[in-house]
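The exercises below concern charged side chains that pair with one another, and each task is followed by a worked solution. Please keep the sequence and the structure in view while working through them.

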Amino acid sequence: MAGPGRWAPLLLCLLLAAPGSPCLAPPRNVTLLSQNFSVYLTWLPGLGNPQNVTYFVAYQSSPIPRRWQKVGKCAGTRALECPLMCLKKQDLYNKFKARVQAACASARSPWVESRYLDYLFEVEPASPILVFTQTEKVLRVNATFQLPPCMPALDLKYEAELWKEGTRNKTLFPATPYGQPVQVPLQPGTSGCYCLSARTIYTFVSLKYSNFSTPVCFFLNTPGLFWIQTLRGDLSAQWTRVPRC
């Protein structure tokens, strides 16, 4: 059985409400987080609230607290998250926080604030998008990233790994700066099914790594260009000239 503290926000709301006026419990577990180079505010519904509740979101930057800026794209949303990236007057070089409020036709809950998030320190990188070109002698691998247009310049690198399908021996290549390719020499007669994956490295105060991208396996026997969309594990059909395993 849940303890009385679970219902404390709703009881406080009822005590503060004017006599006869309806009351909504505030959202719970309000969290500001980074994922795939972006920022999101997430929350859970307030306990005991009706099904037709909508939400409103605002954010505030530091170091000098200013007025709360409304997030128009999340005004009246029924979702339990709001993307907070590339907003008007947003300064990603300074930490910021957000808040959310529940609302229905005749009532609004108290606002609930998140903690501060410092983007440059807390950004979580996404897996890279790989493009590789195969010739008779070289497999040339390059990486790019789906970056928000307002994102500050970051020191990004990537690590690629290659292995023959069915084996446990993976070749992990050294960290390579964003925009520079990895050159993999191919021995004469090299063929068979090989797999390729990569992860992003973000360097600021300390190293931060993304997950390795979903492995993509292909035959090393037909020169050509192969584009891999690995951010969500999807394969692009565009420019596929290397047969997949």
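**Exercise 1.** Find the acidic partner of Arg199, and state whether the two residues are buried or exposed.

Solution. Arg199 forms a salt bridge with Glu159, with 2.8 Å between the closest N and O atoms, where a salt bridge is a side-chain nitrogen of Lys or Arg within 4 Å of a carboxyl oxygen of Asp or Glu. The pair links distant parts of the chain, since Arg199 lies in strand S15 (residues 193-203) and Glu159 in strand S11 (residues 155-164), 40 residues apart; strands (E, at least two residues) and helices (H or I, at least four) are DSSP runs numbered from the N terminus. Both residues, Arg199 and Glu159, are buried, where buried means under 20% relative accessible area, exposed over 50% and partly exposed in between (1.4 Å probe, protein chains only). The model is predicted, so local features need pLDDT of at least 70 and side-chain atom pairs count only at pLDDT 80 or more, whereas totals for chains, interfaces and linings use all residues. Residues are numbered from 1 along each chain as its sequence is written, and side-chain values use heavy atoms, with hydrogens and water left out.

**Exercise 2.** Describe the salt bridge between Lys97 and Glu113.

Solution. The closest N and O atoms of Lys97 and Glu113 are 2.9 Å apart. This pair too links distant parts of the chain, with Lys97 in strand S6 (residues 96-104) and Glu113 in strand S8 (residues 112-113), 16 residues apart. Lys97 is buried at a relative accessible area of 13%, whereas Glu113 is partly exposed at 41%.

**Exercise 3.** How many salt bridges does the rule give?

Solution. The count comes to five salt bridges.
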